[in-house]
Amino acid sequence: MPPPKDVVKIAIQMVGAIPQLIDLQQTKPLASVLKDVCDAWSLPNAEHYALQYTDGRQTYITESNRGEIKNGSILRLTTSPDQEAERLYSGIQSNNSDVKTDSLKKLASLSQDVTFAQEFINRNGLKQIFYIVEEGNATGEMLAHTLKAFMELMEHDFVSWETLSAAFIKKIVSYVNMNAVDASVQQLSLSILENMVPTSRPLFELVKKEVTLDRLLTHLQVTNAQLQLKAMALLIALLLAATEAERRDMMDYLRDKNIRQFIHKNIIHSSEPLGDEMAHYLYVLQSVSLNLCERRMRTSMDPYSQDQRDLLQSLRQTAFESESEAPASNFSTERRRSLCAKEFRKLGFVNNSNPAEDLRRAPPGLLALDNMVYFSKHTPNAYSRFVLENSSREDKHECPFARSSIQLTLILCEILHVGEPCSETAQAFYPMFFGQDHFFEELFCICIQLVNKTWKEMRATQEDFDKVLQVVREQITRTLSLKPTSLELFKTRVNALNYSEILKLRQTERLHQEETLAVPVLELRERLKPELLELIRQQRLLHLCDGTLFRKISSRRRQDKLWYCRLSPNHKVLHYGDVEEGVHSPPIESLLEKIPVADMKMLLVGKECPHTKEKSSGKQNKDVLELAFSIVYDMEEYCLNFVAPTRYEFCLWTDGLKVLLGKEMTSERTQTDLDVLLSMELKLRLLDLENISIPDPPPPVPKPPSNLNFCYDFSHTEQ
């Protein structure tokens, strides 16, 4: 007979005593349970004790979390949180430096527990931490433990960051700005400032004023990877909290200091592999920089703006002023207007009498005009060649420069996600972005020449305009997927991917599709599916056994805390637990939290997950919704919440968990993998039928022969 649901069998340890095995009644008050445990060991004052997990984060057991205790859990009888908080509060005020350091070290560890943190803060413990920092006598290890404890206590959101004193903030800033400071202290100080920046406008302005960009750039140039990472984190926090004008000024300053070239050389191409956190920050830096184009992209041309009209006229003058034998000012107004209209038509404007009309569409708005002007000024020879070459073609075969530029700018904005909010988890950045200061404009210069080249290869006419731009989009997308490390390499590869190559790729894909649509092949596919789906199921379970590193993401910031989850080799238990930065594949024995697969009830994804309902519903969290999933277990009372690092991991984990739950795999990755495996298997099976057409209906079965006399009679043996 199974034990009642409200009773769990647990072990309780205490140093120097024989462990107790008890049946914990969850309906019984925790104070009474503690009294019984203390009485068994003849301990007075049961109220001075508490139960605590022996593994994982060693959380204190309270009335609110006691429901999470599982059968077989091992607990420890220890000093109660209020007694421990009182002891450490006295210890950090000790005049003995060893006692003070040990107390601060224990405080930094225990402050991760919300119950202890509440007790310590209630005793005005933060005020004592402020005093230790402001006093300035603590250094090295003692100071590092103090700052670590402060970080952990603030993590629980019991106290607002805005309540910090000016003296405390200035001291933290001084640790960042001073050279002769322990690296661990600088890392913690940078993390504190990073947390502070998004909380309020005054704190952002204070940090921006006190910690200069030059100082952050100095930290980025150190060899200490962790210090480099924390400096980048603060820089990104400042950029995200700034207004558009402030962000533009900051990016201009960073460009003057050649930050992109430094990142390209010393971070992307350093000897050390790029970590996930740094990859995310580089993605954000790229996204923030590209989004500076958004205002111009969404602004239509104003035909009454003299500055904008001057830019438009500069395009015409750069292309045609050398052609004119006499200056235009010598012509009559009517003749001058006619000449301008003719030249704007040669430039490829649809509305040549009023070219500003072509730029009224937003997006791409004024960004298209900026790109055309940049191309004409920075590569004047290529610009003149483009315009004059097409001016000399027949009307129907000329490639319209302006119209192509407007459409190409829109395509680049879509491919590079200009104007879209930064993802909280994405890590996909283009290494070549950091090799150029004017990346978007330089990319446009390469691609507009690609348009002209592809136009000639296709022998296109005006009616083929959309087809040409569709091919150009495909050329750009396919080349970017190869992640070229420089614009020169991008230019080489995208020009090598000419129209004939695109046609070959399309034909190969089309033939492959046609081959797989024949009726006999479709029947063979259906027969192969069950076997290949089983292969995919095994792969998913193997991936869960290997495990994955997940990040904890709060509503306030992208945290750097990590945890690992993996399936036991016998597929019966999920093991998980917190891990330190740099640990990539911890042994299963070190993951102390467990969930039996038999207790798993269902899988939730996206908006159904409890941890996504707690977060705000802004655009910023769209990517989190796409990567979130939760396991509901133990009579549907508890959830283990995940945010996958990538969409690929999301698909593999949700598929694997569905296999464990006995359900069908439904992710898009399952379909992709199945198609790849089916394609390979079909090619192997049909290898002998190459260049032989497979008929749709099966060939007729021949009639049986009229007699079977052709069979050999084995009854007669040869003499």
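Here is a short walk through the model, from its overall layout to two sheets and a pair of helices.

Keep in mind as you look that this is a predicted model. Its mean pLDDT along the chain is 87, and 91% of the residues reach at least 70. One stretch calls for care: across residues 324-328 the pLDDT stays under 50, and the model has three contacts there beyond four places in sequence. Where pLDDT is low, the predicted coordinates should not be read in detail.

Let us begin with the division into domains. The chain splits into domain 1 (7-79), domain 2 (88-291), domain 3 (298-320 + 335-509) and domain 4 (530-672). Between the C-alpha centres of domain 1 and domain 3 the distance is 70 Å.

Now turn to the sheet that contains strand S1. Four strands make up this open sheet, arranged as S2-S1-S4-S3 with mixed pairing. At its edges you will find strand S2 (20-25) and strand S3 (49-53), each of which pairs on one side only. From neighbour to neighbour, the strands of this sheet are turned by 40° on average, with direction ignored. Strand S1 (residues 7-13) and strand S4 (residues 74-79) run parallel and are joined by three bridges. To place yourself in this pairing, find Ile12, whose bridge partner in S4 is Leu75.

Moving along the chain, we come to a pair of helices. Two packed helices are described by the angle between their axes and the distance between the axes. For helix H16 (residues 306-320) and helix H17 (residues 333-346), the angle is about 85° and the axes are 10 Å apart. H16 is therefore roughly perpendicular to H17. On the H16 side, Leu312, Gln313, Arg316 and Phe320 make the contact, while H17 contributes Cys340, Glu343, Phe344 and Lys346. Sorted by class, this contact of H16 with H17 has four nonpolar, one polar and three charged residues.

The last stop is another open sheet, this one with three strands in the order S9-S10-S11 and antiparallel pairing. Strand S9 (600-605) and strand S11 (638-643) each have a single partner strand, so one side of each lacks a neighbour in the sheet. The average twist from one strand to the next is 20°. Strand S10 (residues 628-633) runs antiparallel to S11, and six bridges join them. Within this part of the model, Ile631 lies opposite Leu640 in S11. Helix H28 (residues 647-660) packs on the sheet and touches S9, S10 and S11, with its direction at about 155° to that of S9.

Key. Residues numbered from 1 in each chain as written. Predicted model: local features only at pLDDT ≥ 70, side-chain atom pairs only at ≥ 80, totals over all residues. Heavy atoms only, no water. Axes fitted to C-alpha atoms, helices over the stretch in contact; angles between N-to-C directions. Helix = DSSP H or I, 4+ residues; strand = E, 2+ residues; numbered from the N terminus. Parallel < 35°, antiparallel > 145°, perpendicular 65-115°, else oblique. Contact = heavy atoms within 4.5 Å. Nonpolar A, V, L, I, M, F, W, Y, C, P; charged D, E, K, R; others polar. Pairing = 2+ DSSP bridges. pLDDT = per-residue confidence, 0-100. Domains from an automatic or database assignment.
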